[in-house]
Amino acid sequence: MLEKVKDLPNYRWYVLAAVAIGTFMSTLDGSIVNVALPTISGQLHSNLSTLQWVVSAYLLTISSLLPVFGRIADLLGRKKVYALGFLIFTLGSALCGLAQNIWFLVGTRVLQAVGAAMLMSNSAAIITTIFPPSERGKALGLTGTVVALGSLTGPALGGLLIGLASWRSIFYINVPIGIIGYVVALLILPTDEPHKNNESFDFAGAFTFTIGMIGVLLGINNGESWGWTSPTVLLSLFLGTALLVLFIMIERKVEHPMINLSLFRNRPFLIGNLSGWLSFVAMFANNMLLPFYLQGILNYNPSQAGLMLMVFPVVMAIVAPISGNASDKYGPVVLTTGGLVITALGFFYFSTLPATAPYYQVIPGLVLTGLGSGMFQSPNNSSVMSSVPPQKLGIAGGINSLVRNLGMVTGIALSVSLFEAWGGVTIPKSGQIGAFMSAYHSVMLVAMAVALAAAAISANRKSYAKAK
């Protein structure tokens, strides 16, 4: 069956479709669960501090395991790891739907995240392997579109499913999608040969990286709720940082490292990941606070706010494949740098919004940030993945996805910390609206500065050969 499919003239596009299923499912589940949290809280009798682990455990697990599964895929074969990721994600989703208490749900979310990490760490590598350089940007751009559509569909589909059935249905919907994805992966994806040069797996590096990342992200993610000076947060940050420093020392000495640090001597790889991290920091600073502005200041109901927030992924979904196709012809520098500058303009626009803005006045900011993000992401991903040798594509894809997750966590923590430090209140009373707007405007100016810093870094990517 596979040989017949491989003979088809458009085989590479069938591979892209197979990868898109996993990408869509992972991003859909990341956004669909937030809609259900209030309902889950009531039915499983959980308070907010415990409920946050339904989201945090998923994020921590993915971030700590992405490079690990990228390396495992380099050694064992990407098809095997990717297909197994579908099975684990599907099993985790089914168990999430069966949860009768909050901690069982958190544990099964961890299992679900293990499968998601296996999918995320290999999708870009599979696409980069199967597509020639002249089409790589377009293919990665379409993947960016799928990411946007997953995020776009999640809240709307989640609300519909909860209304028609229950919160458990948002997990059960992954089961048929996961089974289909597993079968399609077995039938469509190319069978890549794992490396036969007796490379060993770096267990010491995997352990120190995983535990170190969990420690750092745990501290960052809970700094606001637990207190930045609390012993738990300080100990978590200290131990996490110490283990990551130890990880770097191990990687420089071990013969077959989990993360080959020499990749970061590659200028396009380093520049692409650094500017990508900063772009997500800036983007999620606004993603965290904008819903509170729409509902707490402009008094829109959740449906109106959700409709408004859809503007960003819709614009990004339209722009991303066009930008990816253009990067194949003209290279990534102008598109990535220009996209980040446009994103910065969007944040500046948000910093000028008044407390009495009409509905239409908010939309230009979302259009600008969606346009800028769509212009940046596809060429940047193509530049990063095209800069590494074929045998390192798995780990490069894992690092690329890791950077995205770290940017999200950092952006959320940064925005909340600055917002509260500058006197902002998430649900302001009538006398607190001025303080909210002042703090929100200040955070948007910080996001603008971060995006401009990313643009300056992106403009310095060199040694990039334009696809012929």
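Which helix does Gln-43 lie in? The legends below start there and then move through other parts of this predicted model.

**View 1. Gln-43 and Lys-80, two residues set apart in space.** Gln-43 belongs to helix α2, which covers residues 11-43. With a relative accessible area of 44%, Gln-43 is partly exposed. Follow the chain for 37 residues and you reach Lys-80, whose C-alpha atom is separated from that of Gln-43 by 38 Å.

**View 2. Helix α4 and its bend at Leu-65.** Here we look at residues 53-76, the 24 residues that make up α4. From its first C-alpha to its last, α4 reaches 32 Å, close to the 34 Å expected at 1.5 Å a residue. The helix bends by about 40° at Leu-65, and Pro-67 follows within four residues. Most of α4 is covered, with 21 of its 24 residues buried. Keep an eye on what comes just after the helix: Gly-77 takes a positive phi of about 115°.

**View 3. Helix α6, kinked around Asn-122.** Residues 102-130 form α6, a helix of 29 residues. These residues should span 42 Å at 1.5 Å a residue, and the end C-alpha atoms are indeed 42 Å apart, so the two values agree. Even so, α6 has a kink of about 35° centred on Asn-122. Like the helix in the previous view, α6 is mostly covered, and its buried residues number 22 of 29.

**View 4. Helices α5 and α6 packed together.** Helix α5 (residues 78-97) packs against α6 at an angle of about 155°, and their axes are 7 Å apart. An angle over 145 degrees counts as roughly antiparallel, so α5 is roughly antiparallel to α6. The crossing of α5 past α6 is left-handed. Sorted by class, the residues of this contact are 18 nonpolar, 9 polar and 2 charged.

**View 5. Helices α12 and α18, with a contact free of charged residues.** In this view, α12 (residues 267-297) meets α18 (residues 433-458). The two axes come within 9 Å and cross at roughly 160°, and the helices are therefore roughly antiparallel to each other. Their crossing is left-handed. The contact of α12 with α18 holds 23 nonpolar and 4 polar residues, and no charged ones.

**View 6. Helix α12 again, now beside α15.** Which way does α12 run relative to α15, roughly parallel or roughly antiparallel? The axes of α12 and α15 (residues 333-350) come within 12 Å and cross at roughly 25°. That angle makes α12 roughly parallel to α15. As α12 passes α15, the crossing is left-handed.

**View 7. Asn-299, in the loop after α12.** Asn-299 sits in the loop between α12 and α13 (302-309). Though not a glycine, Asn-299 has a positive phi of about 60°. Its relative accessibility is 62%, so Asn-299 counts as exposed.

**View 8. Val-184 and Ala-18, apart in sequence but 6.1 Å apart in space.** To close, find Val-184 in helix α9, which spans residues 174-188. At 23% relative accessibility, Val-184 counts as partly exposed. Val-184 and Ala-18 are 166 residues apart in sequence, while 6.1 Å separates them C-alpha to C-alpha.

Technical notes
Residues numbered from 1 in each chain as written. Predicted model: local features only at pLDDT ≥ 70, side-chain atom pairs only at ≥ 80, totals over all residues. Heavy atoms only, no water. Helix = DSSP H or I, 4+ residues; strand = E, 2+ residues; numbered from the N terminus. Expected span 1.5 Å × (residues − 1). Bend = angle between axes of the 7 residues up to and from the residue. Buried < 20%, exposed > 50% of the residue type's maximum accessible area, 1.4 Å probe, protein only. Axes fitted to C-alpha atoms, helices over the stretch in contact; angles between N-to-C directions. Parallel < 35°, antiparallel > 145°, perpendicular 65-115°, else oblique. Left-handed = near helix turned anticlockwise from the far one by under 90°. Nonpolar A, V, L, I, M, F, W, Y, C, P; charged D, E, K, R; others polar.
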